[in-house]
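Let's take a friendly walk through this protein, from its overall fold down to a few individual residues. Please have the viewer open as you read.

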Amino acid sequence: MKLKFVAAAAVSAVMLASGAANATTTALGAAVVGTPLSFGGLVPVFGPFTDSFTFSLPPNGGSGYSVANFTLLPGLYNTALTTLSLWSNPDGVVWNGDESLIGTSSAPGGSMVGLVQSAQPAGNYALTVMGVANGTSGGIYTGAISVTAVPEPETYAMMLAGLAALGFL
(Lines give C-alpha, C1' and ligand atoms only; values in the text may rest on other atoms or scores of the structure.)
Protein backbone atom coordinates (compact mmCIF):
# COMPACT_ATOMS: atom_id res chain seq x y z
CA MET A 1 0.00 0.00 0.00
CA LYS A 2 2.84 2.37 0.92
CA LEU A 3 4.58 1.62 -2.42
CA LYS A 4 1.41 2.57 -4.38
CA PHE A 5 1.22 5.89 -2.52
CA VAL A 6 4.88 6.68 -3.30
CA ALA A 7 4.37 5.79 -6.98
CA ALA A 8 1.23 7.94 -7.18
CA ALA A 9 3.05 10.85 -5.52
CA ALA A 10 5.95 10.52 -7.97
CA VAL A 11 3.60 10.52 -11.00
CA SER A 12 1.76 13.57 -9.63
CA ALA A 13 5.04 15.43 -9.08
CA VAL A 14 6.16 14.72 -12.66
CA MET A 15 2.80 15.88 -14.04
CA LEU A 16 2.94 19.10 -12.03
CA ALA A 17 6.52 19.80 -13.09
CA SER A 18 5.74 19.22 -16.77
CA GLY A 19 2.70 21.48 -16.50
CA ALA A 20 5.01 24.39 -15.66
CA ALA A 21 6.76 24.17 -19.03
CA ASN A 22 4.93 25.55 -22.06
CA ALA A 23 5.05 23.90 -25.46
CA THR A 24 2.87 24.24 -28.56
CA THR A 25 3.08 23.04 -32.15
CA THR A 26 1.53 25.11 -34.95
CA ALA A 27 1.24 24.21 -38.66
CA LEU A 28 2.02 27.19 -40.91
CA GLY A 29 1.58 25.63 -44.36
CA ALA A 30 3.80 26.25 -47.37
CA ALA A 31 6.39 29.02 -47.57
CA VAL A 32 6.42 30.90 -50.87
CA VAL A 33 9.40 32.63 -52.50
CA GLY A 34 9.15 36.39 -51.97
CA THR A 35 6.23 36.31 -49.51
CA PRO A 36 7.09 36.23 -45.79
CA LEU A 37 5.32 33.56 -43.76
CA SER A 38 4.38 35.21 -40.46
CA PHE A 39 3.87 33.47 -37.13
CA GLY A 40 3.71 34.33 -33.48
CA GLY A 41 3.20 32.96 -30.03
CA LEU A 42 1.42 33.83 -26.84
CA VAL A 43 2.88 32.23 -23.72
CA PRO A 44 0.08 32.62 -21.16
CA VAL A 45 2.11 31.95 -18.02
CA PHE A 46 5.44 32.99 -16.54
CA GLY A 47 8.23 30.50 -17.29
CA PRO A 48 10.20 28.68 -19.99
CA PHE A 49 8.64 27.64 -23.30
CA THR A 50 9.47 25.74 -26.47
CA ASP A 51 7.14 26.33 -29.41
CA SER A 52 7.34 24.49 -32.74
CA PHE A 53 6.15 25.68 -36.13
CA THR A 54 5.89 23.24 -39.03
CA PHE A 55 6.03 24.35 -42.67
CA SER A 56 7.25 23.29 -46.10
CA LEU A 57 9.90 24.94 -48.28
CA PRO A 58 9.86 25.19 -52.08
CA PRO A 59 12.83 23.88 -54.11
CA ASN A 60 15.95 26.04 -54.54
CA GLY A 61 15.13 28.59 -51.89
CA GLY A 62 17.47 30.13 -49.36
CA SER A 63 15.65 30.90 -46.16
CA GLY A 64 15.82 33.36 -43.29
CA TYR A 65 14.09 33.16 -39.93
CA SER A 66 13.58 35.87 -37.34
CA VAL A 67 11.74 36.12 -34.03
CA ALA A 68 11.30 39.20 -31.84
CA ASN A 69 9.78 40.00 -28.46
CA PHE A 70 6.47 41.83 -28.83
CA THR A 71 6.02 44.08 -25.83
CA LEU A 72 2.32 44.81 -25.66
CA LEU A 73 2.27 46.26 -22.15
CA PRO A 74 5.75 46.57 -20.58
CA GLY A 75 6.00 44.37 -17.50
CA LEU A 76 2.72 42.60 -18.23
CA TYR A 77 3.91 40.68 -21.31
CA ASN A 78 7.62 40.15 -22.04
CA THR A 79 9.61 37.39 -23.71
CA ALA A 80 13.34 36.72 -23.33
CA LEU A 81 14.24 34.68 -26.42
CA THR A 82 17.08 32.16 -26.15
CA THR A 83 17.24 29.79 -29.15
CA LEU A 84 15.90 29.46 -32.69
CA SER A 85 16.46 26.09 -34.44
CA LEU A 86 15.60 24.76 -37.89
CA TRP A 87 14.92 21.02 -38.28
CA SER A 88 14.28 18.84 -41.31
CA ASN A 89 11.06 16.88 -40.86
CA PRO A 90 10.97 14.30 -43.69
CA ASP A 91 7.60 12.68 -43.00
CA GLY A 92 5.79 15.83 -41.85
CA VAL A 93 5.07 14.33 -38.42
CA VAL A 94 6.94 16.43 -35.90
CA TRP A 95 9.04 14.94 -33.09
CA ASN A 96 8.69 11.26 -33.97
CA GLY A 97 12.44 10.67 -34.23
CA ASP A 98 13.22 11.25 -37.92
CA GLU A 99 14.10 14.96 -37.56
CA SER A 100 17.62 16.28 -37.97
CA LEU A 101 18.98 19.65 -36.89
CA ILE A 102 19.96 21.91 -39.79
CA GLY A 103 20.93 25.08 -37.96
CA THR A 104 20.54 26.94 -34.70
CA SER A 105 21.08 30.43 -33.38
CA SER A 106 21.04 31.66 -29.82
CA ALA A 107 20.68 34.99 -28.07
CA PRO A 108 20.34 34.12 -24.38
CA GLY A 109 17.89 36.56 -22.85
CA GLY A 110 17.67 38.59 -26.06
CA SER A 111 14.72 40.43 -27.47
CA MET A 112 15.43 39.15 -31.00
CA VAL A 113 17.05 36.10 -32.60
CA GLY A 114 17.58 35.27 -36.28
CA LEU A 115 18.89 32.47 -38.47
CA VAL A 116 19.88 32.40 -42.17
CA GLN A 117 20.22 29.15 -44.15
CA SER A 118 21.45 28.36 -47.63
CA ALA A 119 19.16 26.60 -50.08
CA GLN A 120 17.54 23.48 -48.67
CA PRO A 121 15.74 20.71 -50.54
CA ALA A 122 12.00 21.11 -50.95
CA GLY A 123 10.17 19.39 -48.14
CA ASN A 124 8.87 19.57 -44.60
CA TYR A 125 10.63 21.49 -41.85
CA ALA A 126 10.09 22.55 -38.25
CA LEU A 127 11.25 25.71 -36.50
CA THR A 128 11.59 25.73 -32.71
CA VAL A 129 11.51 28.92 -30.67
CA MET A 130 12.77 28.70 -27.09
CA GLY A 131 12.76 31.32 -24.39
CA VAL A 132 11.33 32.49 -21.09
CA ALA A 133 8.10 34.42 -20.68
CA ASN A 134 9.02 36.80 -17.88
CA GLY A 135 6.13 39.26 -17.89
CA THR A 136 3.65 39.00 -15.04
CA SER A 137 1.02 37.67 -17.49
CA GLY A 138 3.43 35.74 -19.74
CA GLY A 139 4.95 36.75 -23.05
CA ILE A 140 4.20 37.45 -26.69
CA TYR A 141 6.55 37.12 -29.68
CA THR A 142 6.27 37.48 -33.42
CA GLY A 143 8.30 36.02 -36.26
CA ALA A 144 8.67 35.53 -39.98
CA ILE A 145 10.07 33.01 -42.44
CA SER A 146 11.46 34.50 -45.66
CA VAL A 147 12.39 32.48 -48.73
CA THR A 148 14.50 33.86 -51.58
CA ALA A 149 15.15 32.20 -54.92
CA VAL A 150 18.60 30.67 -55.32
CA PRO A 151 19.63 30.15 -58.97
CA GLU A 152 20.26 26.57 -60.01
CA PRO A 153 23.75 25.69 -61.29
CA GLU A 154 22.30 25.29 -64.79
CA THR A 155 21.32 28.98 -64.72
CA TYR A 156 24.93 29.98 -64.14
CA ALA A 157 26.08 27.66 -66.95
CA MET A 158 23.60 29.23 -69.39
CA MET A 159 24.71 32.73 -68.35
CA LEU A 160 28.38 31.86 -68.92
CA ALA A 161 27.55 30.29 -72.30
CA GLY A 162 25.69 33.48 -73.28
CA LEU A 163 28.64 35.65 -72.22
CA ALA A 164 31.02 33.39 -74.18
CA ALA A 165 28.81 33.70 -77.29
CA LEU A 166 28.74 37.50 -76.93
CA GLY A 167 32.52 37.50 -76.51
CA PHE A 168 32.92 35.39 -79.65
CA LEU A 169 30.73 37.77 -81.67
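Two strands count as paired if DSSP finds at least two bridges between them. Helices (H or I, at least four residues) and strands (E, at least two) are DSSP runs, numbered from the N terminus. What you see is a predicted model, in which local features need pLDDT of at least 70 and side-chain atom pairs count only at pLDDT 80 or more, while totals for chains, interfaces and linings use all residues. Residues are numbered from 1 along each chain as its sequence is written, and side-chain values use heavy atoms, with hydrogens and water left out.

**Overall picture**

The protein has two helices and nine strands, arranged along the sequence as α-β-β-β-β-β-β-β-β-β-α. Its mean pLDDT (the predictor's confidence in each residue, from 0 to 100) is 81, with 76% of residues reaching 70 or more. Over residues 1–20 the pLDDT is below 50, and beyond near neighbours in sequence this stretch has one contact (heavy atoms within 4.5 Å) in the model. Of the contacts between residues at least 6 apart in sequence, 79% join residues at least 24 apart.

**The sheet**

Four strands make up an open sheet in the order β2-β9-β4-β7, with antiparallel pairing. Because β2 (37–43) and β7 (112–120) each have a single partner strand, they stand at the edges, and one side of each is left without a neighbour in the sheet. Neighbouring strands here are turned by 15° against each other on average, direction ignored; the axes behind such angles are lines fitted to C-alpha atoms, for helices over the stretch in contact, and angles run from 0 to 180 degrees between N-to-C directions. Strand β4 (residues 61–69) and β7 are joined by seven bridges.

**The core**

Buried residues (under 20% relative accessible area; exposed is over 50% and partly exposed in between, with a 1.4 Å probe and protein chains only) make up 34% of the 169 residues. A nonpolar core is a set of buried Ala, Val, Leu, Ile, Met, Phe, Trp, Tyr and Cys residues joined through side-chain atoms within 4.5 Å. The largest one has 24 residues, and Phe-39 and Tyr-141 are among those with the most contacts inside it. At least two of its residues come from each of β2, β3, β4, β5, β7, β8 (123–133) and β9 (139–149). Leaving aside neighbours within four places in sequence, Phe-39 is in contact with residues including Leu-28, Val-129, Tyr-141 and Ile-145.

**Three residues to look at**

| Residue | Place | Relative accessibility |
|---|---|---|
| Ser-52 | strand β3 (residues 47–57) | 4% |
| Ser-63 | strand β4 | 3% |
| Trp-95 | loop between β5 (79–88) and β6 (100–110) | 38% |

Which residue of β7 is the bridge partner of Ser-63? That partner is Gln-117. The side chain of Ser-63 also makes a polar contact of 2.7 Å with that of Tyr-65; such a contact is a pair of N or O atoms within 3.5 Å, where within protein one must be able to donate a hydrogen and the other to accept it, and residues adjacent in sequence count only if both atoms are side-chain atoms. Ser-63 and Thr-148 are 85 residues apart in sequence and 6.3 Å apart in space, C-alpha to C-alpha.

Is Ser-52 buried or exposed? Ser-52 is buried, and beyond neighbours within four places in sequence its contacts include Thr-24, Leu-127 and Trp-95. Trp-95 itself is partly exposed, and its phi is near 60°, a positive value in a residue other than glycine. Most residues other than glycine have a negative phi.
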